[in-house]
Amino acid sequence: MELSTFDNPLPAFVGARPRLFGIAYRMLGSAAEAEDIVQDVWLRWQSCDRSAVLDAPAYLATVTTRLSINRAQSARSRRETYVGPWLPEPVDTRADPGLGAERGQALQLAVLLLLEKLSPTERAAYVLREAFDYPYRQIAEILRESEENARQLVTRARKHIADGRRTPVNPAEQRRLLEVFLAAAQKGDLAALEGLLAEDVVSYSDGGGLVRAAGIPIIGRAPVANFIRAFSGHYWHGVTVEWIEANGQACALQCRDGVPVGLSTIDASAEGIGQILWLMRPSKLAGVSRLPLSR
């Protein structure tokens, strides 16, 4: 005889798990913290009165969102003492390109970085609406807000994202520009680099204080090009580049003696490469697959 949700909590949780992880990851920018949230939700789901739950996926999403808001509030204070620029932890998205979402929004690293500037409640409203297409009524219930306030939260978040990012190029062009950029970076070709970069380009390097990296963002075409040329002679020695898909976009994983030492990606628009992200903290590279992308 088949067990009910009341008797067996596992099927409902397993079915909802990709979405729960997707919500928590977009809220926190950390796969490790998202896994912690999902595990906490599982423990709560096992111990709650499931006979009183009318809609298991909705209940699980609500618990996940509220726990993520609480975690995001504490994470913000921790990141104020982070050594150097903090960047989101990349995740492999080939098996699940949307990480449980109905729409692939709020997943690219550049967007997650912008979402860090929002309040946790604004971020939750944006994630639920833009990635998972929740109706405003349900968002309001999850956030314990009025429906009007839920709409305002999403509107403010959308404006922040729109103001902070130019219209991105398509995925094929992003991959092409990243390949050309890396070739120029490896050669230290200053002219080629400057030809690729937007005038107000920003380069972020996340070593977390554990790996040597730029301690502040580098801003502007000439400073960024000179910065990349300055480390080209030593960083790329003995490095092989493997192409992976992380956060729904092409990324270049750098390995030395088979060990990942860095991951790079870009955000680009018609005006050129506007953002370069260098992730070098070992813990943020641990969960990224090393299988190459198909060309």
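Helices (H or I, at least four residues) and strands (E, at least two) are DSSP runs, numbered from the N terminus. The model is predicted: local features need pLDDT of at least 70, side-chain atom pairs count only at pLDDT 80 or more, and totals for chains, interfaces and linings use all residues. Residues are numbered from 1 along each chain as its sequence is written, and side-chain values use heavy atoms, without hydrogens and water.

Select residues 56-79. This is helix α3, with 24 residues. Its first and last C-alpha are 33 Å apart, close to the 34 Å expected (1.5 Å times one less than the number of residues). Add Asp-55, which caps the N-terminal end of α3: a side-chain oxygen is 3.2 Å from the backbone nitrogen of Ala-58.

Next, select residues 249-256, strand β4, together with β5. The two run antiparallel and are joined by 5 bridges (strands pair if DSSP finds at least two bridges between them). One bridge matches Cys-255 with Pro-260 in β5. The hairpin of β4 and β5 has 2 residues between the strands, and Asp-257 in the turn has a positive phi of about 55 degrees.

Extend the selection to residues 272-279, strand β6, which pairs with β5 in the antiparallel sense over 7 bridges. Ile-266 has Ile-276 in β6 as its bridge partner. Here too 2 residues separate the strands of a hairpin.

Now show β5 alone, residues 259-269: 8 of its 11 residues are buried (under 20% relative accessible area, 1.4 Å probe, protein chains only), so the strand is largely enclosed by the rest of the structure.

Finish on Cys-251, which is buried at a relative accessible area of 0%.

Key
Polar contact = N/O pair within 3.5 Å; in protein donor to acceptor, adjacent residues only side chain to side chain. Buried < 20%, exposed > 50% of the residue type's maximum accessible area, 1.4 Å probe, protein only.
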